[in-house]
Amino acid sequence: MELYGPIVVLFAIALAFAIISVVGARLAGPRRFNRAKNEAYECGIEPTPTGPGGGKFPIKFYLTAMLFIVFDIEIIFLYPWAVAFDSLGLFGFVEMVLFIATVFIAYTYVWRRGGLDWD
Amino acid sequence: MNGLESFGQDPWWLVGLKALAIFVILVLLTLFSIWYERKVVAWMQVRPGPNRNGPFGLLQSLADGLKLAFKEDLVPKAADKIVFLLAPMISTVCAFTAFAVIPFGPVVSVFGVETPLQLTDLPVAVLLVLATSALGVYGIVLGGWSSGSTYSLLGSLRAAAQVISYEIAMGLSIVAVFLTAGSLSTSQIVAAQQGGQEVTLFGTSFTIPGWYALLLLPSFIVFAISVVGETNRAPFDLPEAESELVGGFHTEYSSLKFALFFLAEYINMVTVSAMATTLFLGGWQAPFPASWWPGANEGWWPVLWFFLKVLILLFGFVWLRGTLPRFRYDQFMRLGWKVLVPANLLWIVVLAAVRAGTQQPEWSAQWVGMIGGAFLLVLLVIWFWPGRKKYEQATEPDTGLGGFPVPPLDLQVPPSPRVKRLTAEREPVSVSAGDDATAEGKEG
């Protein structure tokens, strides 16, 4: 546990700095009301009305996030395997080759169905 | 423990001192690298760059920061107030925390206490860096979303998609380092690169550094490309593409909240440079010519080598920005998903096969080769597996009318009896009478 303690100290210093900056800027800066200034910036014209929760966005971003989860899990499996590679022996090598081949099937499927194309 | 005995032994004041030192170094390095970037880009464009505040304009970024502190702190009317406030704080805190496990140097004596020049080290230190850099994306996404502006929303979505795509490439590229070093702890990865290799060439034998950048060159290349995407820097600075998105996710931010985002971006740059130094460039160990000098890796000298390497990598970032135009978004995603990821996976398997064949001679090299060959065969079969027949629309004959729907040209339509009658009635009209008829039509 004493290994993780210093991280909390650095975290606390950074947090204190961030809070002081945000609060300090509030206190130090001027405050002058202006209706146009409080609108969302859109090059000087009236801002586009957005729906609740920020409005719509392209579905491609959602698909990318889903693919990320698949590959991130693959990476998380690869890390402990890589560290313990020398002690796992031939068994570890064969297992990971099978695993990578399995994920490659999914990868090929996504590629062929156009999941990796951006329009 | 597993080689981390020298960590976690510091008295409380030393922990505080080290944490404070890292904080101060990061802030100073940010101020310096903003100036450095502006100056280097200026030289590349044959202009002087900032030169008014302080010697060589060194205090320019400090002046900018102070000026920002006295600007109005705007919160747009459409913004989600709390999230809008939290987002820059998340970015900054995550950026700072990632630096906790970066090794600056070996064990030195600070006020009579023997301690390593590193805040702390964990058995899973690199995971901490990856985790904090991934959490930092929340600051960008929430900041853009909570601004209530279209530009900010699009900028933050781009940033999220970009960072998670390139995080995969980055995560895969450092698997090779863990495979070779056999550890996730940063200090042990540096120690594993210590031993140089004796090479005899043309009768003279010399030592080449055991840096992973040389041993694992493909990994280093992929890492270098993907961290540029990871930190949203040019030529991959699509979340802030000013020609399309004004300022991207920080369009609505002003005052010190904007400064915090700026700070986080530069700290992330420093962090990935320090990570590249630690994982691939031998960490704090002296570079090649200075490594002949026996005292180069002792005492406080390694701090100099470390920052020298970080500054050279930062110069690389600036060089990219000064040289390359911005990518198009689809090209950028294609590079990440279709080039870097499969190349990396293949490289990992090749490296594992080579390591299995050389490090453990009791495994028959034939076996490893056979498994590797079978694996490549399987990949090829998967890749060229016949897919479903694509639905193809029946093509129409080219009519020369640009795709306009026309009936077949050789279609024989039986003439209707009514048409026959009409032509029969028109038959007796002579040419001169026809002229009269048109004249009448015009009048009518």
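**Entry 1: burial and make-up of chain B.** I looked up burial first and found that 44% of the 444 residues in chain B are buried. I note here that the model is predicted. I then listed the secondary structure of chain B, which comprises 16 helices and four strands. I also examined contacts in chain B between residues at least 6 apart in sequence; of these, 74% join residues at least 24 apart.

**Entry 2: two domains.** I recorded the division of chain B into domain 1 (4-327) and domain 2 (328-384). The C-alpha centres of domain 1 and domain 2 of chain B are 30 Å apart. For their contact I noted 18 residues from domain 1 of chain B and 17 residues from domain 2 of chain B. On the domain 1 side, I found that α5 (150-173), α6 (175-181) and α9 (217-230) of chain B are the elements giving two or more residues. I sorted that side of domain 1 by class and obtained 13 nonpolar, five polar and no charged residues.

**Entry 3: a helix pair.** I turned to helix α1 (residues 12-44) and helix α2 (residues 60-69) of chain B, which pack at an angle of about 115 degrees with their axes 8 Å apart. I therefore entered α1(B) as roughly perpendicular to α2(B). Which residues make the contact? I found L31(B), I34(B) and W35(B) on α1(B), and Q60(B), S61(B) and L62(B) on α2(B). By class, I recorded four nonpolar, two polar and no charged residues in the contact of α1(B) with α2(B).

Notes: Residues numbered from 1 in each chain as written. Chains lettered and ligands numbered in written order. Predicted model: local features only at pLDDT ≥ 70, side-chain atom pairs only at ≥ 80, totals over all residues. Axes fitted to C-alpha atoms, helices over the stretch in contact; angles between N-to-C directions. Parallel < 35°, antiparallel > 145°, perpendicular 65-115°, else oblique. Contact = placed C-beta atoms within 7 Å. Nonpolar A, V, L, I, M, F, W, Y, C, P; charged D, E, K, R; others polar. Domains from an automatic or database assignment. Buried ≥ 20, exposed ≤ 12 C-beta atoms within 10 Å, placed from the backbone.
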